[in-house]
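Work through the exercises below with the sequence and the model in view. Each task is followed by a solution in steps.

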Amino acid sequence: MSHSRVLLVDDDLDIRQLLQKVLTDAGIQCDAAGSAQECLNMTRARGYAVVVADINMPGMDGIELLEALKSQSSLVQTIMLTSESTMSRVIECLDRGATDFFAKSDDLGTLIKTVKESIARSERWMRLLSMRASV
C-alpha cells in the first residue's frame, strides 16, 4: 500500500480536477478516478492510504464504494464528499466506516487538513503493524 498517496473519486470532471489541484498544491500526492469501479481497480493495483470519494455517482454510489473499499482493507481512510448533506447521510457513512464526511461547499482548507491527518494516521498504523510483525 502506498502510505502517502490519496485517491480522489468523483464522476464530475470539473470537481475532480479542482480538488486534485487543491490537494496537489497542498503537497499531497493525489491520483484521480472518475467512477467507483475505476477506484476499485486502482486500489487493487496500487493501494492507497486515503480515498476521498463522492457519494452521488452513477452506477456504484459512494456508499457502496465505501463498503467495497473496507472489504479490501479495513485500514483505508475514507473521506466522503457530497453536494447534498443530510444528517442521515452523514450517520450512514460514518456507521459504514467512513473516516470523515464533507459537503462540497465546505472549506477546502479543512478538507486538506483532514486528508493530511488521515495520511498521518495511516502511516502511524502501518509503522505499528510492521513493528508488531517483526516481533
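**Exercise 1.** Decide whether Arg96 is buried, partly exposed or exposed.

Solution. Step 1: buried means under 20% relative accessible area, exposed over 50%, and partly exposed in between (1.4 Å probe, protein chains only). Step 2: the relative accessible area of Arg96 is 35%, so Arg96 is partly exposed.

The model is predicted: local features need pLDDT of at least 70, side-chain atom pairs count only at pLDDT 80 or more, and totals for chains, interfaces and linings use all residues. Residues are numbered from 1 along each chain as its sequence is written, and side-chain values use heavy atoms, with hydrogens and water left out.

**Exercise 2.** Find the salt-bridge partner of Arg96 and place both residues.

Solution. Step 1: a salt bridge is a side-chain nitrogen of Lys or Arg within 4 Å of a carboxyl oxygen of Asp or Glu. Step 2: Arg96 pairs with Glu67, with 2.1 Å between the closest N and O atoms. Step 3: Glu67 lies in helix H3 (residues 62-72) and Arg96 in the loop between helix H4 (87-95) and S5, so the pair ties together parts 29 residues apart in sequence. Helices (H or I, at least four residues) and strands (E, at least two) are DSSP runs, numbered from the N terminus.

**Exercise 3.** Describe the salt bridge between Arg5 and Asp31.

Solution. Step 1: the closest N and O atoms are 2.4 Å apart. Step 2: Arg5 is in strand S1 (residues 2-9) and Asp31 in strand S2 (residues 29-33). Step 3: Arg5 and Asp31 are both buried.
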